[in-house]
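Hi,

Here is the structure I said I would pass on. Have a look at it first, and then read on for what turned up in it.

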Amino acid sequence: MLRRRKGYILLALLVLTGLAGSVKPAATTVKERKTVVKALKESRDNLFAQVGKLNIQQLTFKPSLDKPSIAELLQIQLELEKNTWQLFKNTMSTSSTTCNIYENAGETEPGDAVSTIASYKVVKALEVPKYTTPHASLLINHFKNIRKEVISYARTTTEDLKNNYVATGDGDITAYNCFLLLGQQTEIIAAHIGDIKKNNSFPE
């Protein structure tokens, strides 16, 4: 009798251990959806506030020969937005639940992973010296349209954003945190624009 009871206990422990190992994050809540929508709107508005009333001389001013102008930063922002959003859509269409690098590492907080990836992607984009200087208003309008699509998706989707992972190329993050990545990339670009405007040689 005692041996049978021990057998049941061991079986129960094995079942519980197996279940514990397969537990996934809870589905995205309404509050979390509101959080990402707020972050996406605020980062967009911060960018617009930085470039809203700049003239062509200000938009094309370069702090140095090896630094981008504000217009070039807007192109970088647009490329980051397009590429990240496409990665997200590709992921959600294939329901990728595989996580390789950042968010399955116990010592790394998801928010830290997003910040690390955002910073790294912007740095890599800034190192590319082939950006042209197209009309800034076209860049802004294109970015505005993509961000509108992103916000609409974030507000209305019923997809399980926390159990799907986006392979960004610089670390895997949940689809939910991909929205935060979009916002943080924009905040970093806006900060770079703010730094250019503080330059002593910036046109009046």
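To start in the middle: which of the 46 residues in the largest nonpolar core touch the most other members? They are Ile 70, Leu 74, Phe 88, Phe 179, Ile 189 and Ile 193. The elements giving two or more residues to this core are helix 2 (30–51), helix 4 (70–94), helix 5 (110–126), helix 6 (136–156) and helix 7. Please keep in mind that this is a predicted model.

Now the overall picture. The protein has seven helices and two strands, and along the sequence they run α-α-α-α-α-α-β-β-α. There are 204 residues, of which 39% count as buried. If you take the contacts between residues at least 6 apart in sequence, 84% of them join residues at least 24 apart.

A few residues show what such contacts look like. Take Ile 193, from the core list above. Setting aside neighbours within four places in sequence, Ile 193 is in contact with Leu 47, Gln 50, Val 51, Ile 70, Leu 73 and Leu 74.

Gln 185 is another one to click on. This residue is found in helix 7, and at 0% relative accessibility Gln 185 counts as buried, since the cut-off for that is under 20%. What does Gln 185 touch, if residues up to four places away in sequence are not counted? The answer is Gln 77, Leu 80, Thr 84, Ala 118, Lys 121 and Val 122.

Then there is Thr 91, which sits in helix 4. Thr 91 is buried too, with a relative accessible area of 7%. Its C-alpha atom is separated by 7.1 Å from that of Tyr 165, although the two residues are 74 residues apart along the chain.

Next, the aromatic rings. A search of the whole structure finds eight aromatic pairs. One of them is Trp 85 with Phe 88, a stacked pair with 5.0 Å centre to centre and 10° between the planes. Trp 85 and Phe 88 are three residues apart in helix 4, so about one helical turn separates them. Both Trp 85 and Phe 88 are buried.

Tyr 153 and Phe 179 make a tilted pair, at 6.2 Å centre to centre and 40° between the planes. Which parts does this pair tie together? Tyr 153 lies in helix 6 and Phe 179 in helix 7, so the pair links parts that are 26 residues apart in sequence. Are these two rings buried or exposed? Tyr 153 counts as partly exposed because its relative accessibility is 23%, while Phe 179, at 1%, counts as buried. Ring pairs link Trp 85, Phe 88, Tyr 153 and Phe 179 into a cluster, and two of these, Phe 88 and Phe 179, you have already met in the core list.

Now for the empty space. How many cavities of 30 Å³ or more does a search of the whole structure find? There is one, and about 30 Å³ of space lies in the largest cavity. Its lining is made of Leu 47, Leu 74, Gln 77, Leu 78, Leu 139, Ile 140 and Phe 143. Helix 4 and helix 6 each supply at least two residues of that lining. By class, the lining residues of the cavity divide into six nonpolar, one polar and no charged. Leu 47 and Leu 74 may look familiar, as both are in contact with Ile 193.

The largest pocket has a volume of about 160 Å³. Lining this pocket are Pro 63, Asp 66, Lys 67, Pro 68, Leu 73, Leu 126, His 192, Asp 195 and Ile 196. Where does the largest share of this lining come from? Helix 7 (residues 175–197) gives that share, with three residues. The classes in the pocket lining are five nonpolar, one polar and three charged residues.

Asp 66, one of the lining residues of the pocket, is in the loop between helix 3 (56–60) and helix 4. Asp 66 is exposed, with a relative accessible area of 63%. Another lining residue is Leu 126; the C-alpha atoms of Asp 66 and Leu 126 are separated by 9.6 Å, with their positions 60 residues apart along the chain.

Cheers

Terms used: Residues numbered from 1 in each chain as written. Predicted model: local features only at pLDDT ≥ 70, side-chain atom pairs only at ≥ 80, totals over all residues. Heavy atoms only, no water. 1 Å grid on protein atoms, 1.4 Å probe; cavity = no way out; pocket = protein on both sides within 12 Å on 5 of 7 lines; lining within 4 Å. Points joined across faces, edges and corners; volume = space filled by probe spheres on them. Helix = DSSP H or I, 4+ residues; strand = E, 2+ residues; numbered from the N terminus. Nonpolar A, V, L, I, M, F, W, Y, C, P; charged D, E, K, R; others polar. Core = buried A, V, L, I, M, F, W, Y, C linked by side-chain atoms within 4.5 Å. Buried < 20%, exposed > 50% of the residue type's maximum accessible area, 1.4 Å probe, protein only. Contact = heavy atoms within 4.5 Å. Phe/Tyr/Trp six-rings, centres within 6.5 Å; stacked < 30°, edge-to-face > 60°.
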